[in-house]
Amino acid sequence: MNAIRRTLRPEQLRILVLLFLILMVLLFFSTQIENYISPRFFNRISTSVAIITVVTVGQVLVILTRNIDLSVGSIVGFTAYFVGQQLAGNNDISPIVAVLMAVGVGGLMGAVNGVLVAYGGVPAIIVTLGTLAIYRTMLVEFSDAQTVLTADLPQWILDLPRANIVSFGDLDIRLMFGMALLVVIIFQFVLMFLPYGRRLYAIGSNPEAARMAGFPSKRIVFIAFVLCGALSGLAGFMYLARFGNITVVAGLGIELQSVAAAVVGGVNIFGGAGSMIGAMFGAILIDLLENSLIRWLEISEFWRDFLLGLLILLAVATDAVIMNRIQSFWSQSELELGSDGDGSEGQEGSYA
Amino acid sequence: MHNNSLLHRIWNRLKSWEGFLLLVLLVIIAINSTLSPVFLTSNNLINLFFLSIEKIIVALAMTFIIINAEIDLSVASMMGLAACVMAWLYHQGVPISLAFLAGILIGAIGGAFNGFWIAKVGLPSLVVTLATLIMFRGGARILLEDRSIGDFPAWFDRLGQQPLIGNLPLSLIIFFVLLVISIILLHYSGFGRYVYVIGNSKDVARYSGVKVDRVKMILFAAAGAVAALAGLLYAARLGAVRGDLATGFELDIITMVLLGGVSIFGGSGTLWGVLLSILIVLSLRNGMSLANMTGHIQTGVIGILLILSVLIPNTVGAVREYRDRRRFARQA
């Protein structure tokens, strides 16, 4: 038991629980739906998981600093439309330019959020609730309520969702899923090893202390918002590739999904704790549930939202109640282990 | 001397956020009435209230919640859920008056559900109400799927659409009654003091013997019930109910409250300020409609207003502090 305790940290336990839950969902629905576990199903959901995962990575960066970005859905919608329209107007734009365009526009929108939050001192929830509406308005005005049509887009972007990196028989690893995985891995490394990543945690756990320690808090928060916007822009590009037809409601509700994925994935909404890997599993769990419920004939697909909301609530509640217990249990037993070495005992209880 | 101090007091009052709002309101009214001669007619003024009456009813409840240092994002979904519960029950053959009561009851239960997780379990209200925003909307969809239910009794539709007393419709009368009750509760009762104290510091309130859990529980349950009432009134006004009724209203509602000078961190703000900001938002929307701007532009403008409402006082404060520091440095 002690060996387990020493090798397994509570955050890792969290990920194991998520993996277990994902497995349970897969098992349950495989008894309910015919042909459930098939390469086709995996291929289908991997694309939608990829989009939500990329947004969630950005969202986590912001949430870690004790802020929130509710405008990501509007950014996804706007960049999807903007890039789509450019591509429809000029089919010769190269893929790299298109991606850069999406990331740039998204980053710019994120920068507006960042300036207002970090330098303007306006609470993030107010700023992004405002820009949620403003960016959507920009999309409606910019598009003049027209639709980007699949027929106008160049062929390469329409082929993108079906492009594979490798295939094992019928099971394909889609390029877009690979991109999302790459984003997760890069930012997990940023969080773990780069000073910038560590500072995100510092600011989130104790903004005052981080400021006293001399961190350029404002700049760090600003950059987190810019990155979040840029990643949302990238997701907007993926959204365009996936759907082709882009209307003014594109990306509506992604902000809720990304916050939900982060929270289910163990990211503390008050900042300072969480990992990209966890958030990715959160995104997978949510998307898996959504896509499975649509195909489940027992109940109508309209149960989806209800169950999703309940899942978020339960995830946060278990986080608050159970993880707290486990964590204090963990740290207490660590104290006991430490005191074992000294040969003195009897400190338990007072450190809970 | 007396006169002087009275003027001074009025001046001080005008320098506050409420004074600033009053100024903004007067400017908007002036612009609107030059834009259109019909603006100041009583019919247009009633119409101005009437078109957003459901949102401003909920804004009253939201004021209490935000002063209490919490937030309720689920109100718009609750409006939809309550309307769907009523419509569904009515469709199943339940009399409309019973269905109406059931709608309000579901609002109180849903609100208490929020309150349970926030007050008893201690979860952040942002996450809880984000989850119930999705849940309640899901509940509405489960009941109605993608149907639209209308054909309510004629008197019910009339209740929502026609003037009841003079040329005031029922929902407007309900709003004014709720406004008076809210002002008395928040500004002239012990309960109101508790709301402020908890908003300032939950711990201090608890150590002073305030039953924090109970106050929060009451506030969320009441907010749920008020949101449900607003949703039912909205259904009566529209004459038909769909699963997506009132989607996205939370943005407007929260904007009205924050623009009214209520701090998002809790503990400060008044209903007078909220009332002024409601008038500003409504007359602004009305004016923009008179100037032929689309609903989407209006939403964007409201978003900008929301950000400015916090950015301006912050910037003014920062500039003033900078100036004071300079002056202090020069003197030293």
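This passage describes a helix, a charged patch and three backbone positions in a predicted model.

Helix α7 of chain B, residues 125–144, makes a convenient starting point. With 20 residues at 1.5 Å a residue, this helix should span 28 Å, and the 28 Å found between its end C-alpha atoms agrees with that expectation. Of the 20 residues in α7(B), 19 are buried, so the helix is largely enclosed by the rest of the structure. Just after α7(B) comes B:Glu145, with a positive phi near 50°.

Positive phi values are worth a second look, because most residues other than glycine have a negative phi. In chain A, one such position is A:Arg66, a non-glycine residue with a phi of about 70°. A:Arg66 sits in the loop between α3 (39–64) and α4 (72–89) of chain A. Its relative accessible area is 41%, so A:Arg66 is partly exposed. In chain B, B:Ala69 also has a positive phi, near 65°. The loop between α4 (53–67) and α5 (75–91) of chain B holds B:Ala69. B:Ala69 counts as partly exposed because its relative accessibility is 33%, which falls between the 20% limit for buried and the 50% limit for exposed residues.

On the surface of chain B, a patch of positive charge brings together B:Arg320, B:Arg323, B:Arg326, B:Arg327 and B:Arg330. Among them, B:Arg326 belongs to helix α15 of chain B, which covers residues 295–331. B:Arg326 has a relative accessibility of 45% and therefore counts as partly exposed.

Technical notes:
Residues numbered from 1 in each chain as written. Chains lettered and ligands numbered in written order. Predicted model: local features only at pLDDT ≥ 70, side-chain atom pairs only at ≥ 80, totals over all residues. Heavy atoms only, no water. Patch = residues over 30% accessible without salt bridge, like charges linked within 9 Å, V, L, I, M, F, W, Y side chains within 5 Å. Areas by Shrake-Rupley, 256 points an atom, 1.4 Å probe, with all protein chains shown as cover. Salt bridge = Lys/Arg side-chain N within 4 Å of Asp/Glu carboxyl O. Lys, Arg positive; Asp, Glu negative; His and termini not counted. Charge placed at Lys NZ, Arg CZ, Asp CG, Glu CD. Helix = DSSP H or I, 4+ residues; strand = E, 2+ residues; numbered from the N terminus. Buried < 20%, exposed > 50% of the residue type's maximum accessible area, 1.4 Å probe, protein only. Expected span 1.5 Å × (residues − 1).
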